[in-house]
Amino acid sequence: KLPNELGIYDMSGNVGEWCGDWYGASYYAEAANNDPVGPESGAARVVRGGSWQSIAGDLRVSKRATLNPAIGNGSTGFRLVRAVNLPEVRTVAITGLTDSSAVASGQIISDGGLEILERGFVWSIFEDPTLADRKVANGGTGSGYSNTITDLSPGRTYYARAYATSRAGTAYGESLEFTIPAVLPEVETSLVSDLTNSTALAGGNVLSDGGAAVVARGVVWGTS
């Protein structure tokens with residue numbers, strides 16, 4: 001069995017769907033084009049979609065029949081709709097900082113009435129990251145979960161938050177700020193040149209600042 005393009009099952013051919021609208025023979029000639037609600041009163045309700053005993057031409061949602069509310073039969077039913085909400089998720093903490101990674105922890109507070117399709121963390125150098133930024137998904141099933149965020153740069157500040165996605169949409173937890181610790185600069189010494197009996201030319205190149213501003217640089221020397 002497959003749903004229609006809106007994800008709804010049994011719209012046609014199971015049982016006719018008893019609707020809340022009163023039936024009016026000429027109502028659609030006068031009603032608004034978008035979402036008409038039916039006459040304010042009447043003697044019969046609208047039945048849509050045909051049923052198991054309908055002919056093929058009546059198995060369509062545009063088929064409109066009528067039924068007295070006081071009468072029941074084996075080919076008419078009604079649809080129950082359950083209210084659903086976005087999931088509720090919490091970003092618990094960002095811990096385990098190294099010079100290139102961090103561990104993010106989250107918790108599913110509520111699934112909003114639907115199955116959680118995906119959960120994980122998103123992060124960025126800007127506040128309130130979304131799925132359009134970098135993400136890591138978590139394949140677990142418990143309410144609590146964690147992931148390691150990798151490929152981070154020393155000395156840079158990031159923002160990360162938990163997310164959870166269901167058919168109702170994607171919800172995010174609070175955005176937490178964290179800074180990857182800086183490391184020692186990386187420097188190389190150039191060849192010493194221009195030697196005299198009392199001087200020499202020495203220098204070097206700073207290959208990496210380690211994620212923090214270089215506040216001093218130069219050359220040291222000694223006899224050992």
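## Close-up views of a predicted model

**Figure 1. Strands S6 and S9 run antiparallel and are joined by 6 bridges.** The model shown here, as in every view that follows, is predicted. Within this pairing, Ser-105 stands opposite Ser-146 in S9. Both strands belong to an open sheet of 3 strands, ordered S5-S6-S9, in which the pairing is antiparallel. Strand S5 and strand S9 (144–149) stand at the edges of this sheet, and because each has a single partner strand, one side of each is left without a neighbour in the sheet. From one strand to the next, the twist averages 25°. As a general point, the strands of a sheet pair through backbone hydrogen bonds, in either a parallel or an antiparallel arrangement.

**Figure 2. Strands S5 and S6 form a hairpin.** Strand S5 comprises residues 88–95 and runs antiparallel to S6, to which it is joined by 7 bridges. There are 6 residues between the two strands, and Gly-96, which lies in the turn, has a positive phi of about 60°. In this pairing Thr-95 stands opposite Val-103 in S6.

**Figure 3. The surroundings of Val-103, a residue of strand S6.** Strand S6 spans residues 102–110. Once neighbours within four places in sequence are set aside, the contacts of Val-103 are Ala-93, Ile-94, Thr-95, Gly-96, Ser-146, Asn-147 and Thr-148. Of these, Thr-95 is the residue that stands opposite Val-103, Gly-96 lies in the hairpin turn, and Ser-146 is the residue of S9 that stands opposite Ser-105. How exposed is Val-103, given these contacts? Its relative accessible area is 27%, and Val-103 is therefore partly exposed, since that class lies between the limit of 20% for buried and that of 50% for exposed. As a measure of separation within the model, Val-103 and Ala-200 are 97 residues apart in sequence and lie 49 Å apart in space, taken from C-alpha to C-alpha.

**Figure 4. Ser-166 in strand S10 is shown with its contacts.** Strand S10 covers residues 157–166, and Ser-166 is found in it. With residues up to four places away in sequence not counted, Ser-166 touches Pro-87, Leu-114, Glu-115 and Leu-117. Ser-166 counts as buried because its relative accessibility is 4%, the cut-off for that class being under 20%.

**Figure 5. A mixed open sheet is formed by 4 strands in the order S3-S2-S1-S4.** Its edge strands are strand S3 (64–67) and strand S4 (76–77), each of which pairs on one side only. Strand S1 and strand S2 (residues 45–48) pair with each other in the antiparallel sense over 3 bridges, and Trp-22 stands opposite Arg-45 in S2.

**Figure 6. The lining of the largest cavity includes Trp-22.** The count of cavities of 30 Å³ or more comes to 1, and the volume of the largest cavity is about 30 Å³. Which residues line the largest cavity? They are Asp-21, Trp-22, Gly-24, Tyr-27, Tyr-28, Gly-38, Pro-39, Val-46 and Arg-64. At least two residues of this lining are supplied by strand S1 (16–22), and at least two by helix H1 (27–30). By residue class, the lining divides into 5 nonpolar, 2 polar and 2 charged residues. Trp-22 thus links this view with the preceding one, in that Trp-22 lines the cavity and also stands opposite Arg-45 in S2.

Terms used. Residues are numbered from 1 along each chain as its sequence is written. This is a predicted model: local features need pLDDT of at least 70, side-chain atom pairs count only at pLDDT 80 or more; totals for chains, interfaces and linings use all residues. Side-chain values use heavy atoms; hydrogens and water are left out. Buried means under 20% relative accessible area, exposed over 50%, partly exposed in between (1.4 Å probe, protein chains only). Contact means heavy atoms within 4.5 Å. On a 1 Å grid over the protein atoms alone, a cavity is a set of points where a 1.4 Å probe fits but cannot get out, and a pocket is an open set with protein on both sides within 12 Å along at least five of seven lines; lining residues have an atom within 4 Å of a point. Grid points are joined across faces, edges and corners, and a volume is the space filled by probe spheres set on the points. Ala, Val, Leu, Ile, Met, Phe, Trp, Tyr, Cys and Pro count as nonpolar, Asp, Glu, Lys and Arg as charged, and the others, Gly among them, as polar. Two strands pair if DSSP finds at least two bridges between them. Axes are lines fitted to C-alpha atoms, for helices over the stretch in contact, and angles run from 0 to 180 degrees between N-to-C directions.
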